[in-house]
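Student: I'd like to learn how to read a fold on screen. Can we go through one together?

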Amino acid sequence: MAERIPKPPEDVVTIGILALQGAFAEHQVILKKLPMGGHKIKIELVRVPDDLQRCDALIIPGGESTTIALLARLAGLLEPLRDFIRRQRPVWGTCAGAILLSERAEGTKKGGQELLGGVNISIARNGWGSQIESFEAPLLSDDLKEADRPFTGVFIRAPVILSVSPTPEHPIQIISRLPADHLPRTGDPALEEEDDTDPRDPRTIVALRQGRHMVTTFHPELTNDNRFHEYFLRECVLPSLRQ
Ligand SMILES: NC(=O)CC[C@H](N)C(=O)O
């Protein structure tokens, strides 16, 4: 009888999704379907500090950043989350999550808002103006698989990146920008007149990363396209496991 060769144990990667409020279930659906080569993904819905302890990486979903911060405080998660980020664990914030990962936020509610920090950017909550509830834009990025195929960016009361502050030790990589012909109409001529739009204007940046910390101001979890999830795993999560 042929000897059975035992299969090597699959590497299990535990991805946490902060599940206090917002679109965490949508991230879960995409992660479950994501092809992972030799790795197996275990998804951990993070609601208390012990959940976070089991995670190799974390996704902070879209929703309401003030509510998420408040619930995180009540759950005793604020400091464990900040510690997770400080330890350079991979973290990705989408929309409200992007606000929470920013070092500075404008347009916060009265009394301010607690942030987690970790990505050296300034961001404006609901920065496209209250008249623009949501819009879609075709996004291109050389960093995505099938780079020629636009990714449909879904923006819902999205934040706007106001400035990025890289340092030599902590460079910031721009992953995608809004195309000039898809800038929302904000009444701000600098953003609307194509000829005048500086392509380096930080307000056009919609996806970036600083080390293993990534922010997207739109909702990749609300499309059927898993390429930003694939990017996060490939560029932020898997390299962190090899150390
Ligand atoms: N879709 C979203 O996540 C919106 C974010 C929301 N405007 C906030 O400030 O938290």
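Student: In which sense do strand 11 and strand 12 pair, and over how many bridges?

Tutor: Keep in mind that this is a predicted model. To read a pair, look at the bridges between the two strands and the sense of the pairing. Here, residues 205-210 (strand 11) and residues 213-216 (strand 12) are paired antiparallel, with 4 bridges. For a spot to look at, find alanine 207, which sits opposite threonine 216 of strand 12.

Student: What is the strand order in the open sheet?

Tutor: Read a sheet from one side to the other, not along the chain. This one has 7 strands in the order 2-1-3-4-12-11-10, and the pairing is mixed.

Student: Why is one side of strand 2 and of strand 10 left without a neighbour in the sheet?

Tutor: Strand 2 (39-46) and strand 10 (172-177) are at the edges with a single partner strand each, so one side of each has no neighbour there. Going from one strand to the next, the twist averages 20°.

Student: How many helices and strands does the protein chain have?

Tutor: Count 7 helices and 12 strands. As for burial, 39% of the chain's 243 residues are buried.

Student: Which residues surround the ligand?

Tutor: For a ligand, list the shell, then sort it by class. Among the residues around this ligand are Gly62, Gly63, Glu64, Ser65, Arg125 and Arg157. Cys95, Ala96, Ile99, Asn126 and Ile156 surround the ligand too. By class, that shell comes out as 4 nonpolar, 4 polar and 3 charged residues.

How values were computed
Residues are numbered from 1 along each chain as its sequence is written. This is a predicted model: local features need pLDDT of at least 70, side-chain atom pairs count only at pLDDT 80 or more; totals for chains, interfaces and linings use all residues. A residue is near a molecule or strand if its C-beta atom, placed from the backbone, lies within 6 Å of it. Ala, Val, Leu, Ile, Met, Phe, Trp, Tyr, Cys and Pro count as nonpolar, Asp, Glu, Lys and Arg as charged, and the others, Gly among them, as polar. A residue is buried if 20 or more other C-beta atoms lie within 10 Å of its own, exposed if 12 or fewer, and partly exposed in between; C-beta atoms are placed from the backbone. Two strands pair if DSSP finds at least two bridges between them. Axes are lines fitted to C-alpha atoms, for helices over the stretch in contact, and angles run from 0 to 180 degrees between N-to-C directions.
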